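This report describes the fold and selected side-chain environments of one protein chain. Please consult the sequence and the structure shown below while reading.

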Amino acid sequence: MHVRVTFVAAARSSSLLAEHFDDDRPLDQAGWHEVQLAAHGLVPLAAAELRYCSPTPRSRATGDALGYAPLAQVALRDCDMGRWRGLTLAEVTAREPGAVDAWLADPRSAPHGGESLLSFIARVGQWLDTRPADDGGRVLAVAEPAVVRAALVYALKAPPATYWNIDVRPLSTVALTGRAGRWSLRLGGGGGLEAA
């Protein structure tokens, strides 16, 4: 028994330099434009039996704009960044450079008072492992890029530091096929990643 879980990274809500930790902003103009351009290739994913999204405004809006009518899942929320919530990386680095260094170097570290990288990856992995393993079943999840990165690290059983080396672009897709504790992926055509 296996399930196919396809992640769609939410469209943007700000430029990369203006991204804030735990950003609750809705899609910006560029994000809406990107959704319109990508819709033709992404709308067919709505055929998935189960459709979910992160509880963020941009993930919900991305899913709704693509016709997915996704159900929000708290387990798919972005990493809890504690007192850094709402700040940019540059702002936090200026205020707490040592804390940022510790956070980037140690996946168990949570100097912001929120969730460690290791806990975040485990939470997303637990969600992934509890998807119903209906042979050939399809699940769709619109999520923050950070959530997609965490899912990949978990699925590949990669070292947590790998998280920092995965680039997930808005509206990119990745599909994982498998079951609890055993996941596979393969690079596919069309610029995204898709399941084996």
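Is Val 124 buried or exposed? With a relative accessibility of 0%, Val 124 counts as buried. The structure is a predicted model, and the sections below set this residue among the elements around it.

## Two residues of helix α5

Val 124 belongs to helix α5. Leaving out residues up to four places away in sequence, Val 124 touches Ala 75, Val 147, Ala 150 and Ala 151. Of these partners, Val 147, Ala 150 and Ala 151 are listed among the buried residues of α6. The C-alpha atom of Val 124 is separated by 20 Å from that of Asp 134, a residue 10 places away along the chain.

Arg 123 is also placed in helix α5, which spans residues 117-129. Although it carries an arginine side chain, Arg 123 counts as buried, at 12% relative accessibility. Its side chain reaches the backbone oxygen of Ala 75 at a distance of 2.7 Å. When neighbours within four places in sequence are set aside, Arg 123 is in contact with Val 74, Ala 75, Leu 76, Arg 77, Asp 78, Cys 79, Asp 80 and Glu 115. Ala 75 is thus in contact with Arg 123 and is touched by Val 124.

## The sheet

Six strands form an open sheet with mixed pairing, in the order β3-β2-β4-β1-β5-β6. The edges are formed by β3 and β6, each of which pairs on one side only. Strands of a sheet pair through backbone hydrogen bonds, in either a parallel or an antiparallel sense.

Strand β2 (residues 50-53) runs parallel to strand β4 (residues 137-143), and four bridges join the two. Within this pairing, Leu 50 stands opposite Val 139 of β4. β2 also pairs with strand β3 (residues 71-72), again in the parallel sense, over two bridges; here Tyr 52 stands opposite Leu 71 of β3. Helix α2 (residues 57-65) combines with β2 and β3 in a right-handed β-α-β unit. Elsewhere in the sheet, β5 and β6 are antiparallel and share three bridges, with Gly 178 standing opposite Trp 183 in β6.

## Helix α6 and its surroundings

Helix α6 is mostly covered, as 10 of its 11 residues are buried. These are Pro 145, Ala 146, Val 147, Val 148, Arg 149, Ala 150, Ala 151, Leu 152, Val 153 and Ala 155. The buried residues pack against two helices, α2 and α5, and against strands β1 (3-9), β4, β5 and β6 (182-184). After the helix comes Lys 157, which has a positive phi near 55°.

## Aromatic side chains

The model has six aromatic pairs. In one of them, Trp 103 and Trp 164 meet edge-to-face, with 5.0 Å from centre to centre and 75° between the planes. Trp 103 lies in helix α4 (residues 97-105) and Trp 164 in the loop between α6 (145-155) and β5 (173-179), so this pair ties together parts that are 61 residues apart in sequence. The two partners differ in burial: Trp 103 is buried, with a relative accessible area of 7%, whereas Trp 164 is partly exposed, with 30%.

Trp 164 also pairs with Tyr 163; their ring centres are 5.0 Å apart and their planes lie at 90°, so this pair is edge-to-face as well. Tyr 163 is buried, with a relative accessible area of 6%. One aromatic cluster is formed by Trp 84, Trp 103, Phe 120, Tyr 163 and Trp 164.

## Arginines over aromatic rings

Which residue lies over the face of Tyr 163? Arg 149 does, at 3.9 Å from the ring centre. Arg 149 is one of the buried residues of α6, and Tyr 163 is a member of the aromatic cluster.

A second arginine has a comparable position in relation to the sheet residue Tyr 52: Arg 131 lies over the face of that ring, at 5.3 Å from its centre. Tyr 52 is the residue that stands opposite Leu 71 in β3.

Notes: Residues are numbered from 1 along each chain as its sequence is written. This is a predicted model: local features need pLDDT of at least 70, side-chain atom pairs count only at pLDDT 80 or more; totals for chains, interfaces and linings use all residues. Side-chain values use heavy atoms; hydrogens and water are left out. Two strands pair if DSSP finds at least two bridges between them. A crossover is right-handed if, with the strands pointing away from the viewer, the path from the first strand over the helix to the second runs clockwise. Rings of Phe, Tyr and Trp (its six-membered ring) pair if their centres lie within 6.5 Å; planes under 30 degrees apart count as stacked, over 60 as edge-to-face and the rest as tilted. Buried means under 20% relative accessible area, exposed over 50%, partly exposed in between (1.4 Å probe, protein chains only). A charge sits over a ring if NZ of Lys or CZ of Arg is within 6 Å of the ring centre and within 35 degrees of the ring normal. A polar contact is a pair of N or O atoms within 3.5 Å; within protein, one must be able to donate a hydrogen and the other to accept it, and residues adjacent in sequence count only if both atoms are side-chain atoms. Contact means heavy atoms within 4.5 Å.
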